[in-house]
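Reader: Could you walk me through this one and explain the labels you use along the way?

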Amino acid sequence: LRAEVASDLANAVSLGIVVHELSEANREVWKQVTQGQTERLADQIGGHAREVLNLITEGKKQFQLISN
């Protein structure tokens, strides 16, 4: 998957992909306005989406603990 993303970015123009490069200030604004979006999306999806999201979040935390 990462190789595909790298390839897509390298060929963005020919693929019709517009890449927006944000300044550090704009990146911070983006982080602020999108904070909590994953949880809102999981709530909209319903079913077990929030449960799955919680498992992913916990898995990421555990991975960070063993990676440091």
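Author: What follows is a short round of questions and answers about the labels.

Author: This is a predicted model, where local features need pLDDT of at least 70, side-chain atom pairs count only at pLDDT 80 or more, and totals for chains, interfaces and linings use all residues. Residues are numbered from 1 along each chain as its sequence is written, and side-chain values use heavy atoms, with hydrogens and water left out.

Reader: What makes Asp43 and Arg50 a salt bridge?

Author: A salt bridge needs a side-chain nitrogen of Lys or Arg within 4 Å of a carboxyl oxygen of Asp or Glu. The N to O distance for Asp43 and Arg50 is 2.9 Å, so the pair fits that definition.

Reader: How many salt bridges does a search of the whole structure find?

Author: Two. Glu28 and Lys31 also meet in a salt bridge, at 3.4 Å from N to O. Both residues lie in helix 3, three residues apart, about one turn of the helix. Helices here are DSSP runs (H or I, at least four residues; strands are E, at least two), numbered from the N terminus.

Reader: Why is Glu28 called partly exposed?

Author: Buried means under 20% relative accessible area, exposed means over 50%, and partly exposed is in between, with a 1.4 Å probe and protein chains only. Glu28 has 36%, so partly exposed is the label. Its partner Lys31 counts as partly exposed too, at 46%. In the other bridge, Asp43 is partly exposed with 46%, and Arg50 gets that label at 33%.

Reader: Why does Ala25 count as exposed?

Author: Ala25 has 54% relative accessibility, so it counts as exposed. Ala25 is found in helix 3, residues 24–34. Asn68 is exposed as well, at 77%, and is found in the segment after helix 5. The C-alpha atoms of Asn68 and Asp43 are separated by 32 Å, with their positions 25 residues apart along the chain.

Reader: How do you know that helix 4 and helix 5 meet?

Author: Contact means heavy atoms within 4.5 Å. Thr38, Glu39, Ala42, Asp43 and Ile45 in helix 4 meet Ala49, Arg50 and Leu53 in helix 5. By class, that contact has four nonpolar, one polar and three charged residues. Ala, Val, Leu, Ile, Met, Phe, Trp, Tyr, Cys and Pro count as nonpolar, Asp, Glu, Lys and Arg as charged, and the others, Gly among them, as polar.

Reader: What do the axes of helix 4 and helix 5 do?

Author: They come within 7 Å and cross at roughly 145 degrees. Axes are lines fitted to C-alpha atoms, for helices over the stretch in contact, and angles run from 0 to 180 degrees between N-to-C directions.

Reader: What makes Leu1, Val5, Leu9, Leu15, Ile17 and Val19 a patch?

Author: Patches are made of residues with over 30% relative accessible area and no salt bridge; like charges are joined within 9 Å, and nonpolar side chains (Val, Leu, Ile, Met, Phe, Trp, Tyr) within 5 Å. Those six form a nonpolar patch on the surface, with about 590 Å² of accessible area together. Accessible areas come from the Shrake-Rupley method with a 1.4 Å probe, and for residues only the protein chains shown count as cover. Leu15 sits in helix 2, residues 12–15.
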